[in-house]
Amino acid sequence: MKPMDEMERSIQLRAEELAYKAVLGGLAGSTCATWLQAFLTKQAPDLVPGLLLCLAVCIQGFTQVLYKHRMVEDDEEYREPNRPARMLGAAVALGAFLLFVGLLLMAR
């Protein structure tokens, strides 16, 4: 397998970007259609497309912050707080809060 040059990497990155946006658009459309159908038929909606959409967007955002932090980690000029650790801590705290509230509501 030969190593890719800069042009091949750019083409592959653009293709992956387009595919990612298409998948996110499909999931967003599926989520909206599912929620609209559930609203019109007074049934419970399917949560899987919405959860997959949220998961994909959260992972993309977190990895973007993580890679940016790693790139400027040793540079004195761009010194900033550890945002990935803060985001992870906030996500864990939010998850624990939602789990606690859910358990309280189920106990009633």
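**Close-up A. Glu17 and its salt-bridge partner, Lys21.** In this predicted model, Glu17 is partly exposed, because its relative accessible area of 41% falls between the 20% and 50% cut-offs. Its partner is Lys21, and the closest N and O atoms of the pair are 3.1 Å apart. Side chains of opposite charge can pair when their charged atoms come close. How many residues apart are Lys21 and Glu17 in helix 1? They are four residues apart, about one turn of the helix, which covers residues 6–41. Lys21 has a relative accessible area of 52%, so this residue counts as exposed. Take a good look at this pair: the structure holds one salt bridge, and here you see Lys21 joined with Glu17.

**Close-up B. A nonpolar patch on the surface.** Which residues make this patch of about 350 Å²? They are Val48, Leu52, Leu55 and Ile59. Find Ile59 in helix 2. With a relative accessible area of 46%, Ile59 is partly exposed, because exposed residues need over 50%.

**Close-up C. A surface patch of negative charge.** Here you can spot Glu73, Asp74, Asp75 and Glu77 gathered together. Where does Glu77 sit? Look in the loop that links helix 2 (48–71) with helix 3 (83–107). Is Glu77 buried or exposed? Glu77 has 64% relative accessibility, so this residue counts as exposed.

Terms used: Residues are numbered from 1 along each chain as its sequence is written. This is a predicted model: local features need pLDDT of at least 70, side-chain atom pairs count only at pLDDT 80 or more; totals for chains, interfaces and linings use all residues. Side-chain values use heavy atoms; hydrogens and water are left out. Patches are made of residues with over 30% relative accessible area and no salt bridge: like charges are joined within 9 Å, nonpolar side chains (Val, Leu, Ile, Met, Phe, Trp, Tyr) within 5 Å. Accessible areas come from the Shrake-Rupley method with a 1.4 Å probe; for residues, only the protein chains shown count as cover. A salt bridge is a side-chain nitrogen of Lys or Arg within 4 Å of a carboxyl oxygen of Asp or Glu. Lys and Arg count as positive and Asp and Glu as negative; His and the chain ends are not counted. The place of a charge is taken as NZ of Lys, CZ of Arg, CG of Asp or CD of Glu. Helices (H or I, at least four residues) and strands (E, at least two) are DSSP runs, numbered from the N terminus. Buried means under 20% relative accessible area, exposed over 50%, partly exposed in between (1.4 Å probe, protein chains only).
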